[in-house]
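Welcome to this structure! Please have a look at the sequence and the model below, and then read on at your own pace.

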Amino acid sequence: MNQDSEASAAAGGATPSLAVAALYAFTPTPDAGELREPLRALCERRGVLGTLLLALEGVNGTIAAEPSQLSAALDEMRSLFAGRLDGMELKFSTAAAPPFRRLKVRLKREIVTLGDPAADPTRLRGAYVAPEDWNALIGRDDVVTVDVRNAFEVAMGSFEGAIDPGTRRFSDFKAFAAEKLAGAKHRTVALFCTGGIRCEKASAHLLANGFRDVRQLQGGILRYLEQEPPERSRWRGDCFVFDERVALGHGLRQKTPEEPNG
């Protein structure tokens, strides 16, 4: 399925809806400062709302627009970055109402803040595990499964048996790894997060600090919920998202306030 078809499918066919794209790419971006205004301009031209973060290490964000306009904006982004976004991690979902109120394009030190220069996903990262292989991996007795998200996100939903690091912010993961996870250096550690980006940094941090076998859920919880049917799922609860939809369930369906957690 091509990008236009994906965005249209995400918008639910004939049902009026907005397409939402969660994206990131770790790619050398020494010209991040120069790209900021052209990136803002193309998003404004296409009616795109949401947040995009630029740093020397790449781009990260979640944006929303009418499906055809979002597809066009993503194509223009690829051209603006001159091929550096060819391997961009990209997931589509939908929103019945605008999930963002405005557009923000910001320059940051990191596209996801960990504060460890050794955690460079372009140099080392945990092995990807496809959603269809995830259940078998985390069902093994020799695997330590860790939820890389913050405590308030974990409280809304997580995988069965996963460790909650109890962090308030992602940069706290370093202390958790040093204090609570050091005994697992010779075991298989399976990491997961919302869309995959925090696992890229967390897995690089663990590998740089002597962990031998680190794996990560490819595409994160969002891809798992998109691909795995409820009857096969080991996910319990909902997946918190950082926009006005608040939570998504299986099939990346937006939960309504009156629905119970599934």
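Here are a few points on the nonpolar cores, one helix and the cysteines.

1. A word on the source before anything else: this is a predicted model.

2. A good place to begin is the largest nonpolar core, which has 27 residues. Val146, Val148, Phe173, Leu181, Val189, Leu191 and Leu206 have the most contacts inside it. At least two residues of this core come from each of β1 (18–26), β7 (143–147), α6 (173–180), β9 (188–192) and α7 (197–208). With five residues, α7 gives the most.

3. To see how one member sits among its neighbours, try Leu181. Leaving aside residues up to four places away in sequence, Leu181 touches Val144, Val146, Phe176, Val189, Leu206 and Phe211. There is also a second, separate core of 26 residues, and Ala65, Leu70, Met88 and Val105 are among them.

4. Now turn to α6, where Phe173, Phe176 and Ala177 are buried. Seen down the helix axis, the buried residues of α6 fall within an arc of 100 degrees, so they line one face of the helix. Their cover includes β7 and α7. Ala178 and Glu179, on the other side of α6, are exposed.

5. How many disulfides are there in the model? The count comes to zero. Take Cys239: the closest cysteine sulfur, in Cys193, is 9.4 Å from the sulfur of Cys239, too far for a bond. The cut-off for a disulfide is sulfur atoms within 2.5 Å. Cys239 is buried at 0% relative accessibility, and Cys43 is buried with a relative accessible area of 0%.

Key. Residues are numbered from 1 along each chain as its sequence is written. This is a predicted model: local features need pLDDT of at least 70, side-chain atom pairs count only at pLDDT 80 or more; totals for chains, interfaces and linings use all residues. Side-chain values use heavy atoms; hydrogens and water are left out. Buried means under 20% relative accessible area, exposed over 50%, partly exposed in between (1.4 Å probe, protein chains only). A nonpolar core is a set of buried Ala, Val, Leu, Ile, Met, Phe, Trp, Tyr and Cys residues joined through side-chain atoms within 4.5 Å. Helices (H or I, at least four residues) and strands (E, at least two) are DSSP runs, numbered from the N terminus. Contact means heavy atoms within 4.5 Å. The arc is that of the directions from the helix axis to the C-beta atoms.
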